[in-house]
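I opened the file to look up the fold first and a few single residues after that. My entries are below, in the order I made them.

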Amino acid sequence: MRPLYVAPSPLGGRGVFTPEEISAGDIIELAHVILLSAEERTVVHETTLHDYYFQWDGDRAAIALGYGSLYNHADKANAEFELDYEFEQIRFIALRKILPSEEITTDYRVGDKEMKLWFEES
């Protein structure tokens, strides 16, 4: 696994950073997930976990392990994520070269640029 670390983020709260350069196209992390049913997802909406889950296969939810649920959003993200239903994991991939000490970000609206975010962007 690639060395990563969590630190205070200028985007708010905590973020995931890299101590070493990551090349475009490199896999940053394979985050295994805990899957929740559609009913459990409804309950999660009323908790702090609301901000940390991924929509999974329609109405289900996935809580990413590792650093997966801690990547912050950016419109011009330097990484993307792919949901791997077969292996029940989320693959995080560098979209461009990411420099040491740079925060790794994803666009939460992947596949749906019209999606309304649930927070104010800074």
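These notes go from the whole chain to three residues.

Entry 1, whole chain. I am working with a predicted model. I looked up the secondary structure and found one helix and nine strands. Read from the N terminus, the order is β-β-β-α-β-β-β-β-β-β.

Entry 2, burial and surface. The protein has 122 residues, and 40% of them are buried. I noted an exposed area of about 7,200 Å², with 52% of it supplied by carbon and sulfur atoms.

Entry 3, contacts. I took the contacts between residues at least 6 apart in sequence; 66% of these join residues at least 24 apart.

Entry 4, backbone. Most residues other than glycine have a negative phi, so I looked for exceptions. Asp57 has a positive phi of about 50° and is not a glycine. I placed Asp57 in the loop between strand 4 (53-56) and strand 5 (60-64). Ser101, also not a glycine, has a positive phi near 75°. Ser101 sits in the loop between strand 8 (89-94) and strand 9. I checked its accessibility: Ser101 counts as exposed because its relative accessible area is 51%, and the cut-off for exposed is over 50%.

Entry 5, Thr106. I found Thr106 in strand 9, which covers residues 103-106. Is Thr106 buried or exposed? Its relative accessibility is 2%, so I list Thr106 as buried, the limit being under 20%. Which residues is Thr106 in contact with, leaving aside neighbours within four places in sequence? I listed Tyr71, Asn72, His73, Ala74, Ala77, Ala79, Glu80, Phe81 and Phe92.

Technical notes
Residues are numbered from 1 along each chain as its sequence is written. This is a predicted model: local features need pLDDT of at least 70, side-chain atom pairs count only at pLDDT 80 or more; totals for chains, interfaces and linings use all residues. Side-chain values use heavy atoms; hydrogens and water are left out. Helices (H or I, at least four residues) and strands (E, at least two) are DSSP runs, numbered from the N terminus. Buried means under 20% relative accessible area, exposed over 50%, partly exposed in between (1.4 Å probe, protein chains only). Contact means heavy atoms within 4.5 Å. Accessible areas come from the Shrake-Rupley method with a 1.4 Å probe; for residues, only the protein chains shown count as cover.
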